[in-house]
Amino acid sequence: MGKITLLGSAAAEGIPAIFCHCTVCRGAWKNKGKDFRMRTAYALNERVRIDFGPDSLAQEYRFELHSEKLKHLFITHAHGDHIAANSLCMRRPHFSNGYEIPLNIYGRTSVFERIREETRGFLNQLNLNQVPLEEFHPIELPEEDMTFYPLPANHYQTPHEAVFFAIRHGSAWILIANDTGYYPEETWTWLAEHKIHFDIVISDATFGTRDSRDGHLGGRFILAVKDRLTELKRVNRETWYIVNHFTHNSGALHKDLEAYFHPHGIEVGYDGMILNY
């Protein structure tokens, strides 16, 4: 019924990180494969994506995407690895004919401020429909049979500017929650009140095996989030639980991440990973 493609699995620097020769980056150059990571983004089908970072064109080539078919673009927050708004300028006349199809962009206030700054006066030529996201208020996509719920994230942003998403697609429920530390209590309250069982969870794991609670998750706090979701009966052993969004500063290559997370029933994301559900 549905398919999610992990277009990228890295944090802001990518892996191997630009200008870096740390152990992880050297190992990634040697191993390539799953240790090569572009910046995190997701395609839910050819018309719906989450985030649009600086690797979007490279991802389009690698995964044979067709952005001229893209109708709905959800942006988690205004950091440059998640919204490379200058690329949207290529929608203007004489650069493409893709501007003929309106593109709905969903984001918080800071996202639209960044888009205005980076489109350098071309905004009115890009055929963009800017749809503000309100925390906990659903966005319905009837033609996709999808509902998106923006949930407050614990991230390095102005409070309540970064969000992640609980998504209904048909009868399936998906939680895509990168760029957040341990969830804010208002998010836990919403999860407790809504009797949702998630079929798929994609969790932030920026710091890999190293502990991190706030801003991004790492180590035992990744497991703590999974444990609390389990206690709330929002996930169980049938849930496809994945970690994603890694920094080279974690000190861990793909094999190290697998060794840490697999015993806990968690899979490690990688560029090009496809989730069919």
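This is a short chat about one loop residue and one helix pair in a predicted model.

Student: What should I know before I start?

Tutor: Numbering starts from 1 along each chain as its sequence is written. The model is predicted, with local features needing pLDDT of at least 70 and side-chain atom pairs pLDDT 80 or more, while totals for chains, interfaces and linings use all residues; side-chain values use heavy atoms, without hydrogens and water.

Student: Where does N45 lie?

Tutor: Look in the loop between strand 2 (41–43) and strand 3 (48–50); strands here are DSSP E runs of at least two residues, helices H or I runs of at least four, numbered from the N terminus.

Student: Is N45 buried or exposed?

Tutor: Buried means under 20% relative accessible area and exposed over 50%, with partly exposed in between (1.4 Å probe, protein chains only). N45 has 22%, so it counts as partly exposed.

Student: Which residues does N45 touch, leaving out those up to four places away in sequence?

Tutor: K3, E144 and M146, where contact means heavy atoms within 4.5 Å. G2 is 43 residues away in sequence, yet its C-alpha is 7.7 Å from that of N45.

Student: What does the N45 side chain reach?

Tutor: The backbone nitrogen of R47 at 2.7 Å, and that of V48 at 2.9 Å.

Student: Now the helices: at what angle do helix 4 and helix 5 pack?

Tutor: Axes are lines fitted to C-alpha atoms over the stretch in contact, and angles run from 0 to 180 degrees between N-to-C directions. Helix 4 (residues 185–193) and helix 5 (residues 220–231) pack at about 35°, axes 10 Å apart. E185, W188 and L191 of helix 4 meet V225, R228 and L229 of helix 5.

Key: Polar contact = N/O pair within 3.5 Å; in protein donor to acceptor, adjacent residues only side chain to side chain.
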